[in-house]
Amino acid sequence: MEKKNIDWSNLGFGYMQTDMRYVSTFSDGAWDEGGLTDKATIEMSECACVLQYAQTCFEGMKAYTTADGKIVCFRPDLNAERMADSCRQMKMPVFPEEKFVEAVIETVRANAAWVPPYGSGASLYLRPFMFGIDSVIGVKPANVYQFRIFATPVGPYFKGGIKPLTLRISDLDRAAPRGTGHIKAGLNYAMSLYNIVDAHEQGYDENLYVDSATRTFIEETGGANIIFIKGNTLITPKSDTILPSITRRSIVQVAKDYLGMEVEERPVRLDELGEFEEAGLCGTAAVISPIGKIVDHGKELTYAGMGEKIRKLYDTLTGIQMGSVKAPEGWIQVIE
Ligand code: PLP
Ligand code: COI
């Protein structure tokens, strides 16, 4: 198979239309057979539930080329599980988890020419998503849904690649207690748009949210969880209102089992920020992006950027994802 002629090493995080995508429709209480299509556009009623009431959720995951030329995906079963959780909360039908993984494999296989080569620093980003497509004018869930997966080759999420990020403590909130912060609902991202544009205009890379109930604990940013390092300990916020990041859960295991680090998953107070030596954002898109500075209303807290521990975590995690470090059982899905 011949790869597409793309300048892989200079890709940013953007959408590029690839050859095929997966589509399945839910109607009359059941999912259809589902399959691949080359049609990248969607036609729907002006009154579709997704357009009026934002009934949509999504996932984000990546396919990589390994050093020995295989195409692999990282823990797709966990994306299937999390999407099922999102769907239940949004009163959407669950796309069966096993079928989700098969659909991911089919989509990657059909777009193999778009999977960036090993060593390019790029990967094939997969975006599974679901939305209510039939007309709904009273506030209630839709009856008809589409589940889709598209693929697009991407480079680093943050401009400038792996340069230390500057975050600000946000004055606005992302997630309410007992709300939807723990699922991947489109509405969580819609409500962060004003704030991310403002952060960029003020010279920050991202907003770091605190808990909206007490404003005393660190949560996450608009698109990634956060990790901190103090000595040989990795500290990461535990909260019911953050997204359970698959990258963060994997990093916790890597820190314990591969690097012999201590791990604390617990509420992290805003007033502890000055005690940490290194910090990073973690997620599928963010991978592990080192943090250089967090600004808390004029008070600047500085971190080592790609310090020793963040570097080791980054190298081990990406080594596992790209096949140069032995992965724990079940983490790597090879796409034949
Ligand atoms: N937090 C938010 C709000 C996100 O959008 C993401 C991205 O998916 C993450 C965290 C990281 O999650 P994951 O590591 O599963 O990609
Ligand atoms: C991901 O990391 O996959 C996400 O969905 C985050 C988004 C901000 C791009």
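Where does ligand 2 sit? In this predicted model, ligand 2 occupies the largest pocket.

## The surroundings of ligand 2

Ten names make up the set of residues around ligand 2: Phe13, Phe58, Gly60, Tyr125, Arg127, Tyr157, Lys184, Gly223, Thr284 and Ala285. Three of these residues are described here through polar atoms placed close to oxygen atoms of the ligand. From the side chain of Tyr125, a polar atom lies 2.6 Å from an oxygen atom of ligand 2. The side chain of Lys184 has an N or O atom 2.7 Å from an oxygen atom of the ligand. At Ala285 the backbone is involved, with a polar atom 2.8 Å from an oxygen atom of ligand 2. Taken alone, the ligand exposes 280 Å², and the protein buries 90% of that area.

## Helix α6

Helix α6 covers residues 246–257 and has 12 residues. The distance from its first C-alpha to its last is 16 Å, close to the 16 Å expected at 1.5 Å a residue. Just before the helix, Ser245 caps the N-terminal end of α6. A side-chain oxygen of Ser245 lies 3.2 Å from the backbone nitrogen of Thr247.

The buried residues of α6 are Ile246, Thr247, Arg248, Ser250, Ile251, Val252, Val254 and Ala255. Thr247 therefore appears both in the cap contact and among the buried residues, which are those under 20% relative accessible area. As background, an α-helix has 3.6 residues a turn, so residues three or four places apart point the same way.

## Three arginines in loops

Arg75 is located in the loop between β6 (71–74) and α2 (76–89). Its phi is positive, at about 45 degrees, although Arg75 is not a glycine. Arg75 counts as buried because its relative accessible area is 12%, below the 20% cut-off. Arg215 belongs to the loop between β10 (206–210) and β11 (218–221). Here too phi is positive in a residue other than glycine, with a value near 55 degrees. Why is Arg215 classed as partly exposed? The reason is that its relative accessible area of 30% falls between the limits of 20% and 50%.

Arg178 lies in the loop between β9 (165–169) and α4 (186–190). Because its relative accessibility is 82%, Arg178 counts as exposed. Arg178 and Thr241 are 63 residues apart along the chain, and their C-alpha atoms are separated by 7.4 Å.

Key:
Residues numbered from 1 in each chain as written. Chains lettered and ligands numbered in written order. Predicted model: local features only at pLDDT ≥ 70, side-chain atom pairs only at ≥ 80, totals over all residues. Heavy atoms only, no water. Helix = DSSP H or I, 4+ residues; strand = E, 2+ residues; numbered from the N terminus. Expected span 1.5 Å × (residues − 1). Buried < 20%, exposed > 50% of the residue type's maximum accessible area, 1.4 Å probe, protein only. Polar contact = N/O pair within 3.5 Å; in protein donor to acceptor, adjacent residues only side chain to side chain. Near = heavy atom within 4 Å. Areas by Shrake-Rupley, 256 points an atom, 1.4 Å probe, with all protein chains shown as cover. 1 Å grid on protein atoms, 1.4 Å probe; cavity = no way out; pocket = protein on both sides within 12 Å on 5 of 7 lines; lining within 4 Å. Sits in = over half its atoms within 2 Å of the grid points.
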